[in-house]
Amino acid sequence: MVVEAAGLQTTVQDFGREGFGVLGVSASGAADAVALRLGNLLLENAGGMPALEMTLTGGTFLFPDGAVICLAGANFGAQVDDKTMELWRPHAVLPGKRVVLGATRDHARCYLCVAGGVAVAEFLGSASTHLLSGLGGWEGRALRKGDVLPIGRLEKSIRQRKLRAGVLDGLKPGKTLRVTRGPQFDWFAEEARRALTGEEFVVSEESNRFGLRLDGPRLAARLKTEMISEGTPLGAIQVTPSGQAILLFVEQQTTGGYPKIANVIAADLHCVGQLRPRDTIRFEEVSLAEARELWIRQQELLSSVERLFA
């Protein structure tokens, strides 16, 4: 796969490298793991097979020997030979053809999955790019014009799978993110707690895979106690001394000293991956039991071929 135009920020991603936080290496991985998984499963790949993650603007990719691909996630108006390519279905790209993607028409990220996967070397058990540290993926960086990426060998013909009606409705990225209380929830004034779930926040332009800065109500702490740095989980909403909320994401630092008022539940993390700058969001509190049940139901759906595909 030859990169003729790379887009704004295109990287190789899979499900990430869990278990290395003690070494200071966050998991990284696809910002929308649900889209990556579905795109791969439509090609009969393993769900976490490495693919290209494009952000806000796509690129142009030449396939000298042809390939079978699937586009998943946001609609970037993809075309081949001036013909529109539908999302969420396999496409045979003939030898010498180009896939051209433009600016997003709805959400933040589109995934270009290839039958056989993007065949880059693994680092700590994962092919994911960690941009801040320059690790993994393709030379630890976003793709550039002229990069030539190997793709896995296609061992069998790909069936024309399609998703069952209604599957995407239940997995559609939303703008209301469900949260559980963070470890320092009680440090915040009652007014700040009410503002967290009662008012709107806007995703700042200063947002990336490291974290999303949120413009909105200032969340004043009731206690002014200094924190000793502690582990920071994916999806944590930490609050700076000025009261600004920051939603930590897939390349988050593994420790931090800001209090954490809440945490986005695992079942909604893919929604975070599809947020664009200037998007307006809200938070809704759920219990730990509800968060667990929602995660179990989502994983059961994503693990069931019978429920996913017609």
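1. How many bridges join β15 to strand β16, and in which sense do the two strands run? Three bridges join β15 to β16 (residues 245-248), and the strands run antiparallel. The model in which this pairing appears is a predicted one. Within the pair, Val-239 has Ala-245 of β16 as its bridge partner. The hairpin formed by β15 and β16 has five residues between the strands, and Gly-243 takes a positive phi near 95° there.

2. Strand β15 also pairs with β18. Three bridges join β15 to β18, again in an antiparallel arrangement, and Ala-236 stands opposite Asn-263 of β18. In a regular strand the side chains alternate between the two faces of the sheet. For β15 (residues 236-239), Ala-236 and Gln-238 lie on one side, while Ile-237 and Val-239 lie on the other. These four residues are all buried, and both faces of β15 are thus covered.

3. A second group of strands deserves attention. β2, β3, β10, β5 and β8 form an open sheet of five strands, in the order β2-β3-β10-β5-β8 and with antiparallel pairing. Its edge strands are β2 (10-13) and β8 (90-93), each of which pairs on one side only. From one strand to the next, the twist averages 30°.

4. Two pairings within this sheet may be followed residue by residue. β2 and β3 are joined over four bridges in the antiparallel sense, with Leu-52 of β3 as the bridge partner of Val-12. Strand β3 (residues 51-55) is likewise joined to β10 (residues 109-114) by four bridges, the two running antiparallel; here Glu-53 is partnered by Tyr-111 of β10. Although β2 is an edge strand, both of its faces are covered. Thr-10 and Val-12 on one side, and Thr-11 and Gln-13 on the other, are all buried.

5. Helix α3 (residues 190-198) has a buried side and an opposite, exposed one. Its buried residues are Ala-192, Arg-193, Ala-195 and Leu-196. Seen down the helix axis, these residues fall within an arc of 160°, so they line one face of α3. An α-helix has 3.6 residues a turn, so residues three or four places apart point the same way. The face turned away from the buried side carries the exposed residues Glu-191 and Arg-194. The buried residues of α3 pack against β12 (201-207), β18 (260-264) and β19 (280-285).

6. In soluble globular proteins, nonpolar side chains tend to be buried together. The largest nonpolar core of this model has 54 residues, and those with the most contacts inside it are Leu-177, Leu-219, Ile-237, Ile-261, Val-264 and Phe-283. Helix α1 (residues 33-42) gives this core its largest share, six residues. Apart from it lies another core, of 28 residues, among them Met-1, Ala-6, Ile-69 and Val-80.

7. Phe-283 may be examined individually. Leaving aside its neighbours within four places in sequence, Phe-283 is in contact with Leu-177, Val-179, Leu-196, Thr-197, Phe-201, Leu-214, Ile-237, Leu-247 and Val-264. Among these partners, Leu-196 is one of the buried residues of α3, and Ile-237 belongs to strand β15.

8. Side chains of opposite charge can pair when their charged atoms come close. The count in this model comes to 16 salt bridges. One of them links Arg-141 and Asp-147, whose closest N and O atoms are 2.9 Å apart; both residues are buried. Another joins Arg-276 and Asp-279 at 3.9 Å, N to O. Of that pair, Arg-276 is partly exposed, with a relative accessible area of 26%, whereas Asp-279 counts as buried because its relative accessibility is 8%, which is under 20%.

9. Further salt bridges include that of Glu-86 with Arg-89, with closest N and O atoms 3.8 Å apart; Arg-89 is partly exposed, at 29% relative accessible area. In addition, Glu-53, Arg-109, Arg-209 and Glu-251 are linked in a network of salt bridges.

10. Two backbone values merit a check by the reader. Most residues other than glycine have a negative phi, and most peptide bonds are trans. Glu-44, in the loop between α1 and β3, nevertheless has a positive phi near 65°. Asp-81 also has a positive phi, of about 55°, although it is not a glycine. Asp-81 is found in the loop between β6 (79-80) and β7 (83-84), and is partly exposed, with a relative accessible area of 47%.

Definitions and conventions. Residues are numbered from 1 along each chain as its sequence is written. This is a predicted model: local features need pLDDT of at least 70, side-chain atom pairs count only at pLDDT 80 or more; totals for chains, interfaces and linings use all residues. Side-chain values use heavy atoms; hydrogens and water are left out. A salt bridge is a side-chain nitrogen of Lys or Arg within 4 Å of a carboxyl oxygen of Asp or Glu. Buried means under 20% relative accessible area, exposed over 50%, partly exposed in between (1.4 Å probe, protein chains only). The arc is that of the directions from the helix axis to the C-beta atoms. Contact means heavy atoms within 4.5 Å. A nonpolar core is a set of buried Ala, Val, Leu, Ile, Met, Phe, Trp, Tyr and Cys residues joined through side-chain atoms within 4.5 Å. Two strands pair if DSSP finds at least two bridges between them. Axes are lines fitted to C-alpha atoms, for helices over the stretch in contact, and angles run from 0 to 180 degrees between N-to-C directions.
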